[in-house]
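Work through the exercises below with the sequence and the 3D view open. Try each task before reading its solution.

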Amino acid sequence: MEDQVFVILAFSYDSLSNDTIKSCFLYCSMFPSDYEILEDELIELWIGEGLLIASYDIQRARNQGYDIIESLKVACLLESAESGKHVKMHDMIHDLALWLTMKTEEMKKRARVLESRDFAEMKEAQMISLWDLDRISLFDRSVVGPKVPSFPNLETLFLRRNSMGEIPSGFLEKMSLVRVLNLSYNYRLGMCWQVHQLVNLEYLNISFTSIKARSIRGLKKLSMHSVVHLETLQISSCNDLKDVKIDTIDKGKQGFIPRYSTVLPKFSKLHEVHIISCSKLLDLTWLIYAPCLQSLAVSACESMQELIDGSDGVVQENYGLFSRLTTLQLENLPKLNGSCNYVLPFPSLKMIYVHSCENLRKIPFDFNTGKNSLKKIQVEQSWWDGLQWEDEAIKQRFNSFFMPSVYMDLYQVLGYGY
């Protein structure tokens with residue numbers, strides 16, 4: 001009887017206009033039924049999975065993603081959620097998506113597992129999704145035995161909202177094909193130093209985890225060398241994280257790539273970065289190795305004094321810094337200051353949002369910043385009036401883009417939710 005119902009429901013799926021939309025629909029089964037999925041997060045995942053347009057133009061891929069969401073709504077395979085900018089999948093439609101993945105042996109390998117504890121059946125899986133498990137038997141030696149389980153074909157791993165405190169040593173090193181890793185909302189999780197072993201990683205989400213000093217390598221420094229395919233990075237509520245260190249190619253050395261190095265940028269595909277509530281994070285100088293960055297949002301980082309450390313000629317040696325950035329959002333950064341002695345052209349910048357950054361009295365703009373691209377500067381009136389400018393003519397040029405702002409919590413703007 002159930003199969004007969006699915007055959008009828010599958011008509012909507014079969015009527016979808018192309019395989020890309022069908023794949024994006026099936027991917028939604030990675031989330032629990034009726035779970036409210038942030039549209040932007042879903043699109044970022046589709047991009048990380050390689051389901052959308054293969055292009056360095058992230059906005060083009062995003063537009064395709066929004067079109068696909070609308071197509072799935074029209075087909076009644078997704079529905080708008082009560083929270084704005086979110087969608088959800090009805091439990092019957094969710095069961096349909098799971099049923100469709102099990103129709104052939106090839107699709108079975110791309111298993112979406114939401115509640116299963118039988119990891120023996122998952123060894124060949126390409127996709128695994130585990131939510132809300134009180135105890136993950138994947139890491140329970142009494143269940144899996146003395147050896148750490150291996151998933152050599154795995155490309156996507158969701159371990160979200162689970163009560164795990166660590167990822168066992170050696171677990172991720174057996175997953176060289178992983179492109180998407182979502183460890184968010186594991187509040188006790190304090191160990192992610194193996195991430196650098198995922199050489200094909202394109203999407204990483206460690207929001208709402210606990211990166212603690214007790215973990216291996218201390219993890220007051222997040223080592224992410226070799227993550228060259230990463231496209232989207234979200235870090236939230238990591239209150240012991242002090243900096244992100246980029247390892248050089250030179251054996252035995254760590255730090256930023258020296259001026260004589262010909263090493264390619266470490267984050268050559270990184271398009272979007274969200275940093276929220278990392279109270280000890282000092283700066284984001286590592287972003288000089290993200291030449292394709294298009295969107296940067298930073299909020300509630302109480303210790304951050306500057307975005308880029310301008311000492312030692314770092315900015316001067318990376319004049320193309322933020323050359324593709326279109327959106328910059330800064331909120332609740334009380335120590336962020338404008339003591340920079342450099343100017344950035346921001347040739348692609350379209351929108352700036354600043355709120356509660358009272359120490360920031362100077363911005364690295366000149367007359368050519370944002371030329372032919374800037375559309376909006378949304379900031380507090382009092383902050384705008386108190387800015388220090390090198391030249392009155394520069395201030396007058398940017399006045400035409402000024403728009404008084406009201407407070408926007410970036411958790412809401414970016415759609416973070418439990």
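The model shown here is predicted.

**Exercise 1. The chain as a whole**

Task: State how many helices and strands the protein chain has, and what share of its residues count as buried.

Solution: Start with the secondary structure. The protein chain holds 10 helices and 16 strands. Next, turn to burial: the chain has 418 residues, and 54% of them count as buried. Then take the surface. About 18700 Å² is exposed, with carbon and sulfur atoms supplying 50% of that area. Last, look at contacts between residues at least 6 apart in sequence: 62% of these join residues at least 24 apart.

**Exercise 2. Helix α3**

Task: Explain why helix α3 (residues 39-48) is described as largely enclosed by the rest of the structure.

Solution: Begin with the cut-off: a residue is buried if its relative accessible area is under 20%. Then list the residues of α3 that meet it. They are Glu39, Glu41, Leu42, Ile43, Glu44, Leu45, Trp46, Ile47 and Gly48. Now compare with the length of the helix: 9 of the 10 residues of α3 are buried, so the rest of the structure largely encloses this helix. Finally, see what comes after the helix. Gly50 follows α3 and has a positive phi, near 80 degrees.

**Exercise 3. A sheet of 3 strands**

Task: Give the strand order of the open sheet of 3 strands and identify its edge strands.

Solution: The order is β1-β3-β2, and the pairing is antiparallel. The edge strands are β1 (37-38) and β2 (79-80), since each of these pairs on one side only. Now examine one pairing: β2 and β3 (residues 86-88) are joined in the antiparallel sense over 2 bridges. One residue pair can be named here: Ser80 has Val87 in β3 as its bridge partner.

**Exercise 4. Two residues, His94 and Ser236**

Task: Decide whether His94 is buried or exposed, do the same for Ser236, and locate each in its helix or strand.

Solution: Take His94 first. This residue is found in helix α5 (residues 91-101). The relative accessible area of His94 is 3%, so His94 is buried. A polar atom of the His94 side chain lies 2.8 Å from the backbone oxygen of Phe31. Now take Ser236, which belongs to strand β9 (residues 232-236). Ser236 has 0% relative accessibility and therefore counts as buried. To finish, check a distance: Ser236 and Asn205 are 31 residues apart along the chain, and their C-alpha atoms are separated by 8.9 Å.

Technical notes: Residues are numbered from 1 along each chain as its sequence is written. This is a predicted model: local features need pLDDT of at least 70, side-chain atom pairs count only at pLDDT 80 or more; totals for chains, interfaces and linings use all residues. Side-chain values use heavy atoms; hydrogens and water are left out. Buried means under 20% relative accessible area, exposed over 50%, partly exposed in between (1.4 Å probe, protein chains only). Helices (H or I, at least four residues) and strands (E, at least two) are DSSP runs, numbered from the N terminus. Two strands pair if DSSP finds at least two bridges between them. A polar contact is a pair of N or O atoms within 3.5 Å; within protein, one must be able to donate a hydrogen and the other to accept it, and residues adjacent in sequence count only if both atoms are side-chain atoms. Contact means heavy atoms within 4.5 Å. Accessible areas come from the Shrake-Rupley method with a 1.4 Å probe; for residues, only the protein chains shown count as cover.
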